[in-house]
Amino acid sequence: METKNSESEYSTEHNENVSHLEESDDEMTAERALQALENAWLNEKFSPELLPHQLELVECMLEQISHMEENLKKLEKGDIRLNIHTMEINRIRFIISSYLRKRLDKIEEYAIYFLSEDANRSSEEAFMTPAETHFAREYVSSVESLFTTLALQHMPRRIKDFELNAMSSKPNLNKHVFIRANKATDGILIPGNMNEQDFKEDSQHIIQYAAIAHLVKNGHVQLI
Amino acid sequence: MFGKEAIKLIHELDQCEEIKPFNEAIFQQVLEEINSLYEQNSKDVSTITETNTAPRNSVIVRHFAMNRNKRCLLTYLYHRLRRLRQIRWELGSILPSEITANLVSAESHWFQAYSKSLATYMRSIGEDGLNIMNDVHPPKSLYIEVRCVQDYGKFEFDDGQIVNLKENTYHLLPRSQCEALIRQGVLEHVSS
Amino acid sequence: MDPSEVEFLGEKQLVSIVPNFSFGIIHLISGSVGPFRAGLPVKVPIWLAISLKQQQKCRIIAQEWMDIEKLNDSIEAEKRSKLFTKMPSNHFMDEAQMLLMVAPDDIPDADNIRTAVKDIWDLRMSKLRSSVIGFVKNAGTYAKLDHLTAMEINSIRSLLPDALDIMLHMEHGGKPTVLQSLNTTM
């Protein structure tokens, strides 16, 4: 993902009238990347399942932050921009951290299940990042080793195994969630009564997650 | 009655949210119960014949009792582990001694392994890693007023300022770096 | 979600300020702000307005809807309507609270505005409570929530979805549930 660097004004040859790079369609502006990350954060916060990772967005925003921090070093003490940029950096870092924490939270709770789901996906389509997958594996094996040391190894042979299936729990996709329709979408099947509902753009609803999970993933619906 | 001891472990979890001393005595008793149930079953199973089916019912009951005991033991371990994990998220990688005192060594090992995994994960984020245990609350303003609750000594902040954190002194400090100290109980947020 | 997080989202809304300094365009990651000309109004995100205000670098201009007559009209409309009326901002409650807190001296009629906002909030919360009770009693599982603001949705988050989840669980999910006729008021 290409991001535009909007910080040219802080280069050593300071120029008030630096014009920005031309916007093009395949290029994502930092502004749009940030909005996309914020949406991903809220979706992750409210969805019962783990959503496909947004590693690119996270890395893009972290790059923006470190780039900005570099630029701030060039500013003199007392420059009005110092505080303003630092505040914004803190806001973005909060979103990133909160987003990644929420994912780890779910990964720990459903580690075995997510690992088995991702095992059926190609590495490009995996929902967890490589680092998250690694973390999930280590987590499961650390739990197994604690269980074995303290309990399982002292049990009779027939029941001493760490049974992955028995330990694995699945997220409840029938949970009710609040949503806003980003786009008009027709024919949403309401679970239970099989009636159809049409979502107007910007309309808000409470509905079972399972009915709109696919719309969260394709961006037609935002969890709120 | 089978399973009577095991349920005590679950009650213990229910009674308080803290990590109590590992209940070695009951934990051992339950393990012994499991093993004796198993032995009795092994004996009885061999006596079952086509004409003598009576022991079958006791075998089934013992089997369920055994599994229930196992489930209680693992639940006990798992919930203690989750509490430890919570402490890692809230207090960081150094366990307070009053908690360490209540752990058995396998639990301490788990905590270290977990901390290590978490650190590995956090190092992987972006170019230079990111401590996602900071920034717990939405940022409000850059500086917050804090009161020092205990003597801590000198602390150097990212912007280079060195502050002597003495008990009962008030400071206006960068919020980002105060969070950890607040969680450790060194500082206290003074709300205006 | 913690109310402070709803506020965090509300802080992205724009508000006009009158800076007492001049400065060129500032290129934030989230978009550019400025240029700032001393004495001339300029729109900035609320988080920035609050910070500049705290540093005494600007005064804040009340949002257009922070006007006692407009708010009183809203109160009347809210009373007349069975449904929720459209609010001037998805974050009207938290925006009002933040701006009145940091800049009561800049906002004309601040006390009355605070009271009017509180009245609207109370009216809508009681409407919301009775809708939720009706919805749950009718074993609803889907509802439209148009015109509910972010803080209002958040206020029922800890209760409503969980209650519905539990009811669904008790029903074993197999049986069809009645579509809410009430959904339009939710």
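This report looks at the C-terminal part of chain A and how it meets chain C in a predicted model. Local features need pLDDT of at least 70 and side-chain atom pairs count only at pLDDT 80 or more, while totals for chains, interfaces and linings use all residues. Residues are numbered from 1 along each chain as its sequence is written, with chains lettered from A and ligands numbered from 1 in the order in which they are written.

**The annotated stretch**

UniProt, in an unreviewed entry, puts "domain: DNA replication complex GINS protein SLD5 C-terminal" at residues 171-224 of chain A. (UniProt positions follow the numbering used here, feature names are shortened, and annotations may be inferred rather than shown by experiment.) That span is 17% helix and 43% strand, and its end C-alpha atoms lie 19 Å apart. Helices (H or I, at least four residues) and strands (E, at least two) are DSSP runs, numbered from the N terminus.

The domain assignment, automatic or from a database, splits chain A into domain 1 (27-108), domain 2 (110-171) and domain 3 (172-224). Taken over C-alpha atoms, the centres of domains 1 and 3 of chain A are 27 Å apart. Their contact (C-beta atoms, placed from the backbone, within 7 Å) takes 9 residues from domain 1 of chain A and 10 from domain 3 of chain A.

**A sheet shared by two chains**

Here's the fun bit: an open, antiparallel sheet of 4 strands runs E5(A)-E1(A)-E4(A)-E6(C). Strands pair if DSSP finds at least two bridges between them. E5 (221-223) of chain A and E6 of chain C are the edge strands, each pairing on one side only. Two of the pairings look like this:

| Strand pair | Sense | Bridges | One bridge pair |
|---|---|---|---|
| E1 (176-181) of chain A with E4(A) | antiparallel | 5 bridges | A:Ile179 with A:His205 |
| E4 (204-208) of chain A with E6(C) | antiparallel | 2 bridges | A:Ile206 with C:Ala143 |

Helix H7 (209-217) of chain A packs on the sheet, touching E1, E4 and E5 of chain A. The direction of that helix makes about 120° with that of E4(A); axes are lines fitted to C-alpha atoms, for helices over the stretch in contact, and angles run from 0 to 180 degrees between N-to-C directions.

**The wider A–C contact**

Overall, 31 residues of chain C are in contact with 36 residues of chain A. On the chain C side, the elements giving two or more residues are strand E2 (26-28), helix H2 (46-54), strand E6 (143-144) and helix H7 (160-170). H7(C) gives the most, with 5 residues. By class, this side of chain C has 20 nonpolar, 8 polar and 3 charged residues. Ala, Val, Leu, Ile, Met, Phe, Trp, Tyr, Cys and Pro count as nonpolar, Asp, Glu, Lys and Arg as charged, and the others, Gly among them, as polar.

How values were computed. Two residues are in contact if their C-beta atoms, placed from the backbone, lie within 7 Å.
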